[in-house]
Amino acid sequence: MTETTGRGPEPRLRAALNGIPVYKPGRPAAGADGRPAYKLSSNENPYPPLPGVLEAAVTAAGEMHRYPDLACTGLTSELAKRFGVPESHVATGTGSVGVAQQLVQATAGPGDEILYAWRSFEAYPIVSQISGARPVQIPLDAEERHDLDAMAAAITDRTRLIFVCNPNNPTGTVVRRAELAAFLDAVPSDVLVVLDEAYREFIRDPEVPDGVELYRERPNVCVLRTFSKAYGLAGLRVGFAIGHEPVAEALRKTAVPFGVSRLAQDAAVASLRAEDALLVRVEALVAERARVSAALTAQGWTVPPSQANFVWLRLGDRTQDFGAACERAGVMVRPYGDEGVRVTIGETEANDLFLRTAEAYRAGL
């Protein structure tokens, strides 16, 4: 019997929505008794906008009564020049997660399969199930890395899309050139492989390939990037994909019309033109990442080598307790169930507070 509210049956919604996990954003920082509090739970950039970006956004805000450029013409042109690709191979969207959802909508429907490592970016199961596709999750290996052999073995005739998050969120681990090339060789040519490179700018391992170079020779490879992380535009929601023309055209068809605001478009263009300042900031965060990782290792924690702007601690059943201890100390981290904690590399003061908290927690074990 259909449950009612007294005014007739409820609207009939898609059964595919049942059981879809809800995306959980990083909790905001809230210090007690006026103490400083820091948010290391959302992989945000601690720096303010790059030079010229705020000015571009303010100017764009003066035209907020107008619709933005539907085709993101200026941004698309700038990205095409930056990466040396045809403009027809570039597609934009509301952050890389928005573009990821467009990719799933373009490739998969009920009965199809979306394949990815787990744990990885938590939006993958959400965007898969929204389309009615079946998520296929392949556990990470003992070193918190993609198990590409197991992923290749899991491909079926229903597989439509494969996400490879490189570096992987939340573990920070990477897939290197030779193993990724071998995996791509094993994937059928009609299966789209999405190289999710949201943290590409933080990679310092020379053996990690640039996905854009791989895409050039492989029509079934698409590269996903974002302005939310290194470029510090998380609040404006702008990401992009680079893929061959059929893929990019499909992304334009599945995009929300006018989804990328003019503020986001103009700020992204200004960010691309401030690359020198970007590189300085990224280097500072990479240095902090190395410092935090070394300090945690010295304290006795096991820290997988990270090539992103965060570190990962696998804590098992202590995950929630550790997260609560950090919150009490005034630093918000990101617990994942009973698996582990992801900690963003933030400003030096935040990192220092986290390290003191981690040291005190470990001393009490």
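The following questions and answers concern the fold, the sheets and the helix packing of a predicted model.

Q: How many helices and strands does the secondary structure of the protein chain comprise?
A: The C-alpha trace of this chain spans about 60 × 55 × 55 Å along its principal axes. Its secondary structure comes to 12 helices and 12 strands.

Q: What is the radius of gyration of the protein chain, and what does the globule rule give for 365 residues?
A: The chain, with its 12 helices and 12 strands, is as compact as a globular protein of its length, because its radius of gyration is close to the value of the globule rule for 365 residues. The radius of gyration is 21 Å, and the rule gives 21 Å.

Q: Which strands are the edge strands of the open sheet with the order β2-β8-β7-β6-β5-β3-β4?
A: Seven strands build this open sheet, and their pairing is mixed. An edge strand here pairs on one side only. The edge strands are β2 (90-93) and β4 (134-139).

Q: By how many degrees are neighbouring strands of the seven-stranded sheet turned against each other on average?
A: The sheet follows the order β2-β8-β7-β6-β5-β3-β4. With direction ignored, the average turn between neighbouring strands is 25 degrees.

Q: Which residue in β8 stands opposite Gly93?
A: Strand β8 (residues 239-242) runs antiparallel to β2, and four bridges join the two. Opposite Gly93 stands Gly239.

Q: What angle does the direction of helix α4 make with that of β3?
A: Helix α4 (residues 123-130) packs on the sheet and touches β3 (113-118), β4, β5 (159-165) and β6 (192-196). Its direction makes with that of β3 an angle of about 170 degrees.

Q: Across which strands does helix α8 lie?
A: Helix α8 covers residues 245-254 and runs at about 25 degrees to β2. The strands it lies across are β2, β6, β7 (221-226) and β8.

Q: Are α3 and α8 roughly parallel or roughly perpendicular?
A: The axes of helix α3 (residues 95-107) and α8 are 9 Å apart, and the angle between them is about 105 degrees. An angle of 65 to 115 degrees counts as roughly perpendicular. Therefore α3 and α8 are roughly perpendicular.

Q: How many nonpolar, polar and charged residues make up the contact of α3 with α8?
A: On the α3 side the contact holds Val99, Gln102, Leu103, Gln105 and Ala106, which meet Val247, Ala250, Leu251 and Thr254 in α8. The division is six nonpolar, three polar and no charged.

Q: Is the crossing of α3 and α4 left-handed or right-handed?
A: The axes of α3 and α4 come within 9 Å and cross at roughly 40 degrees. Val97, Gln101 and Val104 in α3 meet Ala123, Val127, Ser128 and Ile130 in α4. These residues divide into five nonpolar, two polar and no charged. The crossing is right-handed.

Q: Is α2 roughly parallel or roughly perpendicular to α9?
A: Helix α2 (residues 73-83) and helix α9 (residues 262-272) have axes that come within 9 Å and cross at roughly 25 degrees. Angles under 35 degrees count as roughly parallel. Therefore α2 is, relative to α9, roughly parallel.

Q: Which residues in α9 do Gly74, Leu75, Glu78, Leu79 and Arg82 in α2 meet?
A: The crossing of α2 with α9 is left-handed. The residues of this contact divide into five nonpolar, two polar and two charged. Those met in α9 are Gln265, Ala268, Val269 and Leu272.

Q: Which strands stand at the edges of the open sheet with the order β9-β12-β11?
A: The three strands of this sheet pair in the antiparallel sense. Each edge strand has a single partner, so one side of each is left without a neighbour in the sheet. The edges are β9 (310-314) and β11 (334-336).

Q: Which residue in β12 stands opposite Arg334?
A: Strands β11 and β12 (residues 340-344) pair antiparallel over three bridges. Opposite Arg334 stands Arg342.

Q: Where is Pro167 found?
A: Asn166 and Pro167 are joined by a cis peptide bond with omega of about 5 degrees. Pro167 is found in the loop between β5 and α6 (177-186).

Methods. Residues numbered from 1 in each chain as written. Predicted model: local features only at pLDDT ≥ 70, side-chain atom pairs only at ≥ 80, totals over all residues. Heavy atoms only, no water. Axes fitted to C-alpha atoms, helices over the stretch in contact; angles between N-to-C directions. Parallel < 35°, antiparallel > 145°, perpendicular 65-115°, else oblique. Left-handed = near helix turned anticlockwise from the far one by under 90°. Contact = heavy atoms within 4.5 Å. Nonpolar A, V, L, I, M, F, W, Y, C, P; charged D, E, K, R; others polar. Pairing = 2+ DSSP bridges. Rg over C-alpha atoms; globule rule 2.2 N^0.38 Å.
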